[in-house]
Amino acid sequence: GGGGGFVIDDPAKPNALSSTTNNVFQQEKVTEGKAEGTLTKTILATKERLEGGLPKEQEQSLYAGISDAQRRKEREMVAKEINKLQSSIQTLCQSANPLGKIMDYVQEDVDSMLKELESWRSENTGHADTLRKEERITEQELLPLKSQLGELEARIVEQEELISATKANVLRNDHKIQAMLDSMAFPSS
């Protein structure tokens, strides 16, 4: 029993805290296997001590020189800390569960995106191949036209040369005609 607002666990009567704490510790033991952390060991030792797991002689030697009121106060503080820890663990588990589901969805999304990326890459490769084929076909079709263009450019150059030569001839002939006309108009005496 207890008095003055102190909470004291009676090992003969399991309360909600100890059963919930047992469940938390059992779950942790199952998930952690044999590798228990320091925090877990400390909590278990404190729980065992609170539930009367230590023999009276050890408990008395631990608390030698400490009054009953101080022991009750320490037990109350430990019980509050265990409640806070239990609440924190519960909150952590409640937060971690949706996060785990989200991570599953993220993995599914990543897998989906990778598949989509692969399909886009495949499509891109197909289009690149088609483009190269079309470029080769276009190049082959342009070969005769390029050849024709070269021939036409050569003929243009020939014609320009012919025109230049003809103009030069015309100019020479103009000079000759002018010289003949000048010599007829002003015969030398």
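Modeller: First, a term. A residue is buried under 20% relative accessible area, exposed over 50%, and partly exposed in between (1.4 Å probe, protein chains only). This model is predicted: local features need pLDDT of at least 70 and side-chain atom pairs pLDDT 80 or more, while totals for chains, interfaces and linings use all residues. Numbering starts from 1 along each chain as its sequence is written, and side-chain values use heavy atoms, without hydrogens or water.

Biologist: In what order do the elements of the protein chain run from the N terminus?

Modeller: Elements are DSSP runs, numbered from the N terminus: helices are H or I with at least four residues, strands are E with at least two. The protein chain has four helices and zero strands. From the N terminus the order is α-α-α-α.

Biologist: What share of the residues in the protein chain is buried?

Modeller: The protein chain has 189 residues. In helix α2, Thr-40, Ile-43, Thr-46, Lys-47, Arg-49 and Leu-50 are buried. Over the protein chain, the buried share is 10%.

Biologist: What does helix α2 span, from its first C-alpha to its last?

Modeller: Helix α2 covers residues 38–50, which is 13 residues. The expected span is 1.5 Å times one less than the number of residues. That gives 18 Å expected, and the helix comes close to it, reaching 18 Å.

Biologist: Which residue meets Lys-80 in a salt bridge?

Modeller: A salt bridge needs a side-chain nitrogen of Lys or Arg within 4 Å of a carboxyl oxygen of Asp or Glu. Lys-80 is partly exposed at 48% relative accessible area, whereas its partner is buried at 17%. The two are four residues apart in helix α4, so about one helical turn separates them. At 3.1 Å, N to O, the partner is Glu-76.

Biologist: Which residue pairs with Asp-129 in a salt bridge?

Modeller: Side chains of opposite charge can pair when their charged atoms come close. Asp-129 is partly exposed at 32% relative accessibility. Its partner is three residues away in helix α4, about one helical turn. The N to O distance is 2.3 Å, and the partner is Arg-132.

Biologist: How many salt bridges does a search of the whole structure find?

Modeller: Glu-139 and Lys-146 form one of them, at 3.1 Å, N to O. Glu-139 is partly exposed at 38%, and Lys-146 is partly exposed at 46%. The search finds three.

Biologist: What is the accessible surface of the protein chain?

Modeller: Areas come from the Shrake-Rupley method with a 1.4 Å probe; for residues, only the protein chains shown count as cover. Carbon and sulfur atoms hold 57% of the surface. The value is about 15600 Å².
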